[in-house]
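Let's take a walk through this one together. Keep the structure open beside you and turn it as we go.

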Protein chains: 2
Amino acid sequence: MSIDERGAVCVLGTGLIGGSVLRAAVDAGYEAFGYNRSADGAQAARLDGFDVSGDLPEVLSRAAAADALVVLAVPMPAVAPVLAEVAAYAPECALTDVVSVKGPVADAVRKQGLEARYVGGHPMAGTSESGWAATDPELFRGAVWAVGVDEGTRVEPWSRVVRLALDCGSVVVPVVAEEHDQAVARISHLPHVLAEALAAAGAGGGELALGLAAGSFRDGTRVAGTAPDLVRAICEPNAGALELVLDETIEALIAARDALRADGTLGEVVEAGYRGRSAYDSRARWEITGVTPGADGWLDELRRAGRRGGVLRAL
Amino acid sequence: MSIDERGAVCVLGTGLIGGSVLRAAVDAGYEAFGYNRSADGAQAARLDGFDVSGDLPEVLSRAAAADALVVLAVPMPAVAPVLAEVAAYAPECALTDVVSVKGPVADAVRKQGLEARYVGGHPMAGTSESGWAATDPELFRGAVWAVGVDEGTRVEPWSRVVRLALDCGSVVVPVVAEEHDQAVARISHLPHVLAEALAAAGAGGGELALGLAAGSFRDGTRVAGTAPDLVRAICEPNAGALELVLDETIEALIAARDALRADGTLGEVVEAGYRGRSAYDSRARWEITGVTPGADGWLDELRRAGRRGGVLRAL
């Protein structure tokens, strides 16, 4: 397939993220079809006119015949068994995923011997909803989609993943698995844990406290409305990186608590937080240009650009 | 003044909250005027057609002559000196405040001998903006406004404060100072501290992390965009209650971190947070009726209703 062609797309798991990829791919003109384990979910998608089946071997055989890009969109606990089926029925297909954590998925891919055709992915979008009913073809519009540039990445599957992400309306951040996982521990998994702790503390104040709660509590606890199983499936596979950033955060909170006790001030956390939020508000996404996929050093150039805030807006 | 009359309103401090009270009171048909320490702020309000002066003795003398309800809307560090002026120039006026914390304001009021005419208040509304430019007459529409029902509260100033809150579009939660301060430590001050810690942790991941940040980080750090001095002025006067809830939160985070380390799970925090957010989403504001201000036990009846999630929608 040439770098400009749009091949077929096969989405495994049509929940919020996978289902939205399927919708967005169809809207962008791809031949796209999918699999969903729950019969209800598959039927809901079919009733909306999408080609989704509950028969994984059949769907994967079709993907193999169509040389489809397989998009793994199941929660982490289901990744290994579904990859075993991919290895059995569609081992030559280009393969990506939209799971939150990249290191453990790459490990599972290697265990099945699928690494040569694999390029990790992670669209940074979502809501606290889940399931087909929550899918939205515009979910990825204007979002960031992390795409792997790990050692050994091949141009053809990489180009297909990048093209799909761009066609879904996202910009692409090139990043290696380990650095991705450290970053999302900070900006996705830690926010989940802090939202849970805040929601629990608010409810600890009873109806009076919840009745007085306004914008800061509402926004700070929004993602605590996510189903607990989903939160665990998102955060726990990144235990190592999350543990480190939790350590850092616990230390910052202990310092604030101790400063309050000692002299009635919050100490450094207020200034540090304000600087952090200001850096977030003023972050600039600059476009990476001039890198030719497959040319000498292309992966390294992309990695360095991603670290400095660069994004791809075109192939 | 009868319980149905709308007397004059004098707002001291025309920043985000005070200025919005002034605008809302004027929109509701009150004679309303104010004071602002900074000449720029006062002039900005005058240019928008509001009667705001930088001369505190003059404004308070006018309040005394008009028997105005004085609304103290300065940051906590300015409360004591402004109250000294109130005691000098308008000691007979009904007095309320819109400062975040109630115990320390009540203490400062008692030091000036103004407690007989004082009823504490706290509208649960705000943005991360500040100053006259951010004021909005609709800021309190649909919001909750905490109004004091502490021992010794008198009917006439209490009724005027409740009427003003209702006329600004809010519902009123009756609450004593200590319980208010414990509650807001949980649902307002803790959210600020966690937002600061999260923003700092995100920025610790550099441009890559901030570039990958999406909704959970954006919402979880929103209030970290508030000016640091304002965050301190809001949170630090409630040091005692905030310290206790910070202790509780640090313990919950340590338990999560230890569970991650021990067996790769987040432990209880996820379920506790989900239950807390669900309780928040399903909280019901029921209307308190049948309490006659001034009748035997009225303050106690209102306190008990407020603890159970009751609100006043009418006088």
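What follows goes from the pairing of the two chains down to a sheet, a helix face and one arginine.

Keep in mind that this is a predicted model. Begin with the big picture: how does chain A relate to chain B? Turn chain A by 180°, with 0.0 Å of shift along the rotation axis, and it superposes on chain B with an RMSD of 0.0 Å. That is what a two-fold axis does. The two copies also use the same surface, since 100% of the contact residues of chain A recur in chain B. If you want a landmark for the axis, look for Gly220(A): of the residues of chain A, this glycine comes closest, with its C-alpha at 2.3 Å from the axis.

Now zoom in on the sheet in chain A. Three strands make up an open sheet here, in the order S6-S7-S8, with mixed pairing. On the edges sit strand S6 (121-123) and strand S8 (171-175) of chain A, each of which pairs on one side only. From one strand to the next, the twist averages 20°. Strand S7 of chain A, residues 144-148, runs parallel to S8(A), and 5 bridges join the two. To find one of these pairs on screen, pick Ala146(A), whose bridge partner in S8(A) is Val173(A).

Which helices pack on this sheet? One is helix H6 of chain A (residues 155-167), which touches S7 and S8 of chain A. The direction of H6 makes about 175° with that of S7(A). The other is helix H7 of chain A (residues 177-203), which touches S6, S7 and S8 of chain A, and its direction makes about 115° with that of S8(A).

Hop over to chain B and you'll meet an open sheet of 3 strands there too, in the order S6-S7-S8 and with mixed pairing. Its edge strands are S6 (121-123) and S8 (171-175) of chain B. Strand S7 of chain B (residues 144-148) is joined to S8(B) by 5 bridges, and the two run parallel. A pair to click on here is Trp145(B) with its bridge partner Val172(B) in S8(B). Helix H7 of chain B (residues 177-203) packs on this sheet, touching S6, S7 and S8 of chain B.

While you're in chain B, have a look at helix H5, residues 103-111. Its buried residues are Val105(B), Ala106(B), Ala108(B) and Val109(B). Why do they line one face of the helix? Look down the axis of H5(B): the buried residues fall within an arc of 160°, so they line one face. What they pack against is helix H4 (76-89) and strand S5 (95-97) of chain B. Just after H5(B) comes Gly113(B), with a positive phi of about 70°.

Last stop: an arginine in chain A. Arg23(A) is part of helix H1 (residues 16-27) of chain A. Is Arg23(A) buried or exposed? Its relative accessible area is 16%, and the cut-off for buried is under 20%, so Arg23(A) counts as buried. Its side chain makes a polar contact of 3.1 Å with the side chain of Asp48(A). Leaving out residues up to four places away in sequence, Arg23(A) touches Asp48(A), Phe50(A), Trp132(A), Thr135(A), Asp136(A) and Pro137(A).

Conventions:
Residues numbered from 1 in each chain as written. Chains lettered and ligands numbered in written order. Predicted model: local features only at pLDDT ≥ 70, side-chain atom pairs only at ≥ 80, totals over all residues. Heavy atoms only, no water. Helix = DSSP H or I, 4+ residues; strand = E, 2+ residues; numbered from the N terminus. Buried < 20%, exposed > 50% of the residue type's maximum accessible area, 1.4 Å probe, protein only. Polar contact = N/O pair within 3.5 Å; in protein donor to acceptor, adjacent residues only side chain to side chain. Contact = heavy atoms within 4.5 Å. Pairing = 2+ DSSP bridges. Axes fitted to C-alpha atoms, helices over the stretch in contact; angles between N-to-C directions. Arc of directions from axis to C-beta. Least-squares fit on C-alpha atoms with pLDDT ≥ 70 in both.
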